[in-house]
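Good morning, colleagues. I should like to take a few minutes to go through one model with you, strand by strand, before turning to its interior space.

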Amino acid sequence: MDLKSLFIDVPEGHARYGVVGCGIPYSLSPAMHNAAIARFGLKAAYRKIDIPESEWGSFLAQKDFLDGFNITNPFKERAQEIGSGPSGVEWGFVGAVNTAHRKSLWVVTNTDVEGFRSDAESHGIDFGERNILILGAGGAARAVVGSFFLKNRPFPKSVTVWNRHSRRAEEMVGGFPLGFGAVRRLNLRVARSETDLAFRSADVVINAPRAGQNPGDPPPLDPANLRADQAVYDMVYHRETELLKAARAKGCLAVGGLGMLVNQGALAFDLWFGEEPKKLKYDPLELRRVMREAAQNAKKETL
């Protein structure tokens, strides 16, 4: 992996950004960010940095060639080592990061937290005093739990984590800092099987991938467990998953992850370019409109 080769056509004096992950041919982030860069006349380029897991160390050794980058699966938890971060939910509590930007040193944060919560709420999904079932136990699932601690929001009644490999879920739940009282405040626990009561009592089901990324992937839970009065949020954004199809067939409120992608991307964009807002003069709502339109167009091209 050679970052210089990846950006060899970028003119001198232009900033370099990207998204680093493993197995991310579907990523819409380059289309989204490059559209925003062009719209607001910025001298920058954004690229997809798709590397094997074994090349994470090589990427770290070259990261200073970049001005900022996003992090996606499977590196969100490992990426904490890149730099320091702000105190609070978006970094220290979640235990996973998705955005890095350079000041004098590297700073990392997690824009998935606010990106997810804002999009879910915009679709009318309410978490307060509701029973929540999270499918998955990686960085995305951690961001979901973190979103329940954002200010001025009521806590869920209960939060249950289900993962095919239960040990992974146990490590996630057991790893949250006790100072936040996560386990107690959220009634946070692990489901051992799909016969767990949480599958029947959940008011909101959230799929935090990798499940459903590829065509033909089965839904991460038996569709028989879905009910018409549930809300189902699937973070997969580049395709309609089998889970969402099953949820729509059952009459559930079914939401895909494109809005979350746009929100977290816009928040990252603000971190990278927003320090001089008087010079940029961009409207945050327009930024999101440009990003969403570009992501939707890129999505159509991949179908």
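**Strands, helices and a cavity**

Let me begin with a single pair of residues: Val 204 has Ala 231 of β10 as its bridge partner. That pair belongs to the contact between β9, residues 204–207, and β10, where four bridges join two parallel strands. Please bear in mind throughout that this is a predicted model.

On to the next neighbour of β10. Strand β11, residues 253–255, is joined to β10 by three bridges, and these two strands also run parallel. Here Val 232 stands opposite Ala 254 of β11.

Are the two faces of β10 covered or not? Both are covered in this strand, which spans residues 231–234. Ala 231 and Tyr 233 are buried on one side, while Val 232 and Asp 234 are buried on the other.

I now turn to the open sheet. Its five strands follow the order β2-β1-β3-β4-β5, and the pairing is mixed. At the edges lie β2, residues 44–50, and β5, residues 106–109, each of which pairs on one side only. On average, neighbouring strands in this sheet are turned by 20° against each other, ignoring direction.

Within the sheet, β1, residues 15–21, runs parallel to β2, and seven bridges join the two. One residue pair may serve as a landmark: Arg 16 has Ala 45 in β2 as its bridge partner.

Two helices deserve mention alongside these strands. Helix α2, residues 29–39, lies across β1, β2 and β3, and runs at about 175° to β2. Helix α11 packs on the sheet as well, touching β1, β2, β3, β4 and β5. The direction of α11 makes about 10° with that of β4, residues 99–102.

Finally, the interior space. How many cavities of 30 Å³ or more does the count give? The answer is one. The largest cavity holds about 340 Å³ of space. Its lining consists of 23 residues, and those closest to the centre are Thr 72, Lys 76, Asp 112, Tyr 237 and Leu 261.

As to the make-up of that lining, 11 residues are nonpolar, 10 are polar and two are charged. Both β3, residues 68–71, and α11, residues 258–273, supply at least two residues of the lining. The largest share, three residues, comes from α11. The helix that packs on the sheet is thus also a contributor to the lining of the largest cavity.

Thank you for your attention.

How values were computed:
Residues numbered from 1 in each chain as written. Predicted model: local features only at pLDDT ≥ 70, side-chain atom pairs only at ≥ 80, totals over all residues. Heavy atoms only, no water. 1 Å grid on protein atoms, 1.4 Å probe; cavity = no way out; pocket = protein on both sides within 12 Å on 5 of 7 lines; lining within 4 Å. Points joined across faces, edges and corners; volume = space filled by probe spheres on them. Nonpolar A, V, L, I, M, F, W, Y, C, P; charged D, E, K, R; others polar. Pairing = 2+ DSSP bridges. Axes fitted to C-alpha atoms, helices over the stretch in contact; angles between N-to-C directions. Contact = heavy atoms within 4.5 Å. Buried < 20%, exposed > 50% of the residue type's maximum accessible area, 1.4 Å probe, protein only.
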